[in-house]
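Welcome! Take a moment to look over the sequence and turn the structure around, and then we can walk through it together.

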Amino acid sequence: MKQYIIDAHSHLWLKQDTTWNGQVIHSMKNGRSLFLGEEVQMVPPFIIDGRNTAEVFLSNMDYAQVSAAIVVQEFIDGLQNKYLADVISKYPDRFFVFGMANYLEDGFYEEACSLIQQGFKGIAIPGHRLLGRPLNSEEMMKMFHLMEEKGVILSITLADGDQQVAELREVIESCPQLKIAIGHLGMANPPVTPPWENESWRQQIMLARHDNVMIESGGITWLYNSEFYPFPSAVRAICEAASLVGMEKLMWGSDYPRTITAITYKMSYDFITKSKELTDHEKVLFLGENARRFYGLDHLIDLPYIKNMSE
């Protein structure tokens, strides 16, 4: 089986200019952002203008031999639908892009209808930001049934553990043909208990036992940043998830660009390629084949290895 590498969780934006819980999030210079009252290194310092563009990402992808990327959205970046519509029109074979509505206000169903009419093939929900606004509300269910009817994929991140598992399980059972990708490997780093000992985390992962549900590992290197490369506990969490649902249900994701403030883009997956805990076939599935199949990516490009000057 040919090895294609596909990033199943990434982000793009022209500029961060939004608020969350009444606090400002705003792009600054040299890759920094004002984030909830604190100045942080949001993206690598070489992104001097704060513009996290498709072109910069493509340069990283080409270097790291990543054939395609799935672009999701998050409230902390602000709605990026307009820019992402341009991205998919310019680079249809390199990106699968998710639209996002403002689920914090009633009436988002009409926004979702508009996104689908514009040609978005996926809709993202940062569910972990919506605690107290049920994922199985009447308006949410109406949107999910529309997505199922139109063949639109759902990308969703849940809160830690099983806080929203019952709500999403109802969605899965009500919409058995709705394809769903659950993000961040179920937030696989609870603060006290390792995920492989945490039953609530296992309950979230086991949602992928349903035929229409996948798990992607976006941000796994962020979740284990304190451990750092080569992230042995991240590998162990991936193996544990595979023992619960099968490696064919898991996809690699980088959470680009935030994660590459600490490591290079290639490092966000090559700890998997170098791991002795996974077979070669499991690596092929996890790093690309599962995402290719799930997202229907039929026009992947081959990218040559370019030797580093320092080699």
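Is T157 buried or exposed? Before answering, please keep in mind that what you see is a predicted model. T157 has a relative accessible area of 8%, and buried means under 20%, so T157 counts as buried. You will find T157 in the loop between β9 and α5 (165-174). Not counting residues up to four places away in sequence, T157 touches H9, I125, P126, G127, H128, Q164, G183, H184 and M187.

From that loop, step back into strand β9, which covers residues 153-156. Its side chains go two ways: I153 and S155 point to one side, L154 and I156 to the other, and all of them are buried. In a regular strand, side chains alternate between the two faces of the sheet. On one side, β9 runs parallel to strand β8 (residues 122-125), and 4 bridges join the two. If you would like one pair to look for, the bridge partner of I123 is L154 in β9.

Now let the view widen to the sheet as a whole. It is an open sheet of 8 strands with parallel pairing, in the order β1-β6-β7-β8-β9-β10-β11-β12. Its edge strands are β1 (6-10) and β12 (250-251), each of which pairs on one side only. Strands of a sheet pair through backbone hydrogen bonds, either parallel or antiparallel. At the β1 edge, 3 bridges join β1 to strand β6 (residues 68-71), and these two run parallel. There, D7 stands opposite A69 in β6.

Next come the charged side chains. How many salt bridges are there? The count comes to 12. One of them joins E74 and R129, whose side chains meet at 2.7 Å, N to O. E74 lies in the loop between β6 and α2 (81-90) and R129 in the loop between β8 and α4, so this pair ties together parts that are 55 residues apart in sequence. E74 is buried at 10% relative accessibility, while R129, at 25%, is partly exposed.

E199 and R202 form another salt bridge, at 3.5 Å, N to O. These residues are 3 apart in helix α6 (residues 199-205), so about one helical turn separates them. E199 is partly exposed, with a relative accessible area of 44%, and R202 is partly exposed too, at 22%. The linking goes further, as E199, R202 and E240 belong to a network of salt bridges. A further salt bridge joins R32 and E39, at 3.2 Å, N to O; R32 is partly exposed at 38% relative accessibility, and E39 is partly exposed at 45%.

What about E148, in helix α4 (residues 138-150)? E148 is buried yet has no salt bridge. The nearest side chain of opposite charge, K179, is 13 Å away, and a salt bridge needs nitrogen and oxygen within 4 Å. Leaving aside neighbours within four places in sequence, E148 is in contact with S174, C175, P176, Q177 and L178.

Finally, have a look at the surface. V24, M28 and L34 form a nonpolar patch there, with about 200 Å² of accessible area together. M28 sits in the loop between β3 (23-27) and β4 (32-35), and its relative accessible area of 31% makes M28 partly exposed.

Notes. Residues are numbered from 1 along each chain as its sequence is written. This is a predicted model: local features need pLDDT of at least 70, side-chain atom pairs count only at pLDDT 80 or more; totals for chains, interfaces and linings use all residues. Side-chain values use heavy atoms; hydrogens and water are left out. Buried means under 20% relative accessible area, exposed over 50%, partly exposed in between (1.4 Å probe, protein chains only). Lys and Arg count as positive and Asp and Glu as negative; His and the chain ends are not counted. Contact means heavy atoms within 4.5 Å. Patches are made of residues with over 30% relative accessible area and no salt bridge: like charges are joined within 9 Å, nonpolar side chains (Val, Leu, Ile, Met, Phe, Trp, Tyr) within 5 Å. Accessible areas come from the Shrake-Rupley method with a 1.4 Å probe; for residues, only the protein chains shown count as cover. Two strands pair if DSSP finds at least two bridges between them.
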